[in-house]
Every structure is written in structure tokens, then in C-alpha cells.
Amino acid sequence: PCGLRVPGGGAAYVTDETPSAEGSYIARFYAYLNDAGAGQATIFEATDGTDPRIEVVYDGAAASGGDLILNVYDNGGAVPQPLSFTGIGTGWHSIELVWEAAASADIRFSVNGAADVSTTVDTSGTSIVDASLGNVDGGATGAMDFDDFDSRRISRPGRLEVGDANADDSVSAGDLGSLLGEINEVAFAPGQPDCTEDGSVNAGDLGCILGIINS
């Protein structure tokens, strides 16, 4: 149940060094960007140990109301046409990317469970050896929150089921008990209690879960 909060106004991030020259890399994480500010900030970066291979950029200045952009570097170090989701709005956002090292690599990007956008890039001869999450380049002027980071070589983790507060892969009456436990500060819910995905766990989420159960 642990999350990450990073301040604005300077680089602040955590780095995962468990990748080992990976030829395939899949990652999924959640980000709450309401307070990040109106500039551009790199919120995720995976490198080959020296140079970036993948970047996720949040553009809070976008006229559409906030954009998330995936930049992928080819084997010459150039950034091809970026993959974008525009006008993402407020609240929590799930972000998932699929990368591989290949002459015609199929790169995929999804936000909030939407259908993938994709591009083909020559990434042959490259690899992933570390990944950083947070205010990676210091571009955010306000705080950002992150949660549920998951990286893999093969399978895709996908989006968490909204309202599954007790993490049993279904939404039922048991989730109401887990949600009440967190609201009353008895215990953290192990799953996804913020059913409304508005950045707080409160009575509104009870109504959201009941709506799913009764739908």
C-alpha cells in the first residue's frame, strides 16, 4: 500500500536498478498530477545506463487540459514521433508502456485503460538497465503522487480494477468493509479504495463501489 510523493521545484525521484540489460520492458504505474504545475515534466525515464531509452512526459500547460506523452529513442538516439494522450483531466491516471529492443520494435502506450497507441521504432542493440519515477528532470513546480509501480519482461499488468478495495479481483460487499477500514483509520485497504479516483478516500467512494455492485 505504499505510494510515492515527490515535491516540485527540483529533481526528486526514485530509481529502480533491478533491470539487467533487458531486451523487453513493460511498466505500469499510477500518477496524480493535479498539483504538478503548468509546465512540462518528465515523470518516468528508463535508460541503458547512460542515455534515455523511454520517457513519459506530463505537459500541464497543454491547452487540452493536460497531456501525457511517451517519447522513445531509436538506436541512434533520436526521438521518433511521440505517442500522446491529450486532455487527461484531473484525478489518478494509470500509465502503461510496452517496449522492446528490435529492428522494428512495436512500442505501445496506454493511459487509463484506453486502447493502445503505438509506433514502430528501430531499437535494435539497445537495452533497459534502470528506471526512474518522480520529478525526474525537475520540471514540475508542485507535488506529484505515484503508486502501484509494476515492471515486467513479458505479461502486461493492466489497470487495477476500480473499486476493488480488498484486492480480490472483484468488486463486492467485501470492498465496502476494506474501504470503511481505511476511512476510519483502522487499516489501509490493500487494493484500490479510491473508487472515484479523485485523490482521496472518503464517503464518495462508498457510493461509487455501491454503484458498481448494483450495476
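## Salt bridges in the model

A salt bridge here is a side-chain nitrogen of Lys or Arg lying within 4 Å of a carboxyl oxygen of Asp or Glu. By that criterion, the structure holds 9 salt bridges. Keep in mind as you look around that this is a predicted model.

Let's start with a pair that reaches across the sequence. Asp145 and Arg5 form a salt bridge, with 2.6 Å between the closest N and O atoms. Asp145 belongs to strand E12 (residues 144-152) and Arg5 to strand E1 (residues 4-6), so this pair ties together parts that are 140 residues apart in sequence. The two partners sit in contrasting surroundings: Asp145 has a relative accessible area of 14% and is buried, whereas Arg5, at 62%, is exposed.

## More charged pairs

Arg152 and Asp150 bring their side chains together in another salt bridge, 3.0 Å from N to O. Arg152 counts as partly exposed, because its relative accessibility of 30% falls between the limits of 20% for buried and 50% for exposed.

A further salt bridge joins Glu197 to Arg159, and the closest N and O atoms are 2.7 Å apart. This pair also links distant parts of the chain: Glu197 is in the loop between helix H1 (173-183) and helix H2 (203-213), while Arg159 is in the loop between E12 and H1, 38 residues apart. Glu197 is buried, with a relative accessibility of 13%, and Arg159 is partly exposed, with a relative accessible area of 33%. Elsewhere, salt bridges with shared partners connect Glu96, Asp106, Arg108, Asp116 and Arg156 into one network.

What lets such side chains pair up? Side chains of opposite charge can do so when their charged atoms come close.

## The open sheet

Now for the strands. An open sheet is built from 6 strands in the order E2-E11-E4-E5-E6-E7, with antiparallel pairing. Strand E2 (12-16) and strand E7 (83-85) are the edge strands, each pairing on one side only. From one strand to the next, the twist averages 15°.

To see one of these pairings in detail, follow E2 to its partner, strand E11 (residues 130-135). The two strands pair in the antiparallel sense over 5 bridges. Thr15 is a handy place to look: its bridge partner in E11 is Ser132.

## The whole chain

Stepping back, the protein has 2 helices and 12 strands. Reading from the N terminus, the elements run β-β-β-β-β-β-β-β-β-β-β-β-α-α. The radius of gyration is 18 Å, close to the 17 Å that the globule rule gives for 215 residues, so the protein is as compact as a globular protein of that length. Along the principal axes, its C-alpha atoms fill a box of roughly 55 × 35 × 30 Å.

How much of the protein counts as buried? Of its 215 residues, the share is 44%. Contacts between distant positions feature here too: among contacts with a separation of 6 or more, 61% come from residues 24 or more positions apart. As for the surface, the protein exposes about 9600 Å², and carbon and sulfur atoms supply 49% of that area.

Key:
Residues numbered from 1 in each chain as written. Predicted model: local features only at pLDDT ≥ 70, side-chain atom pairs only at ≥ 80, totals over all residues. Heavy atoms only, no water. Helix = DSSP H or I, 4+ residues; strand = E, 2+ residues; numbered from the N terminus. Buried < 20%, exposed > 50% of the residue type's maximum accessible area, 1.4 Å probe, protein only. Pairing = 2+ DSSP bridges. Axes fitted to C-alpha atoms, helices over the stretch in contact; angles between N-to-C directions. Rg over C-alpha atoms; globule rule 2.2 N^0.38 Å. Contact = heavy atoms within 4.5 Å. Areas by Shrake-Rupley, 256 points an atom, 1.4 Å probe, with all protein chains shown as cover.
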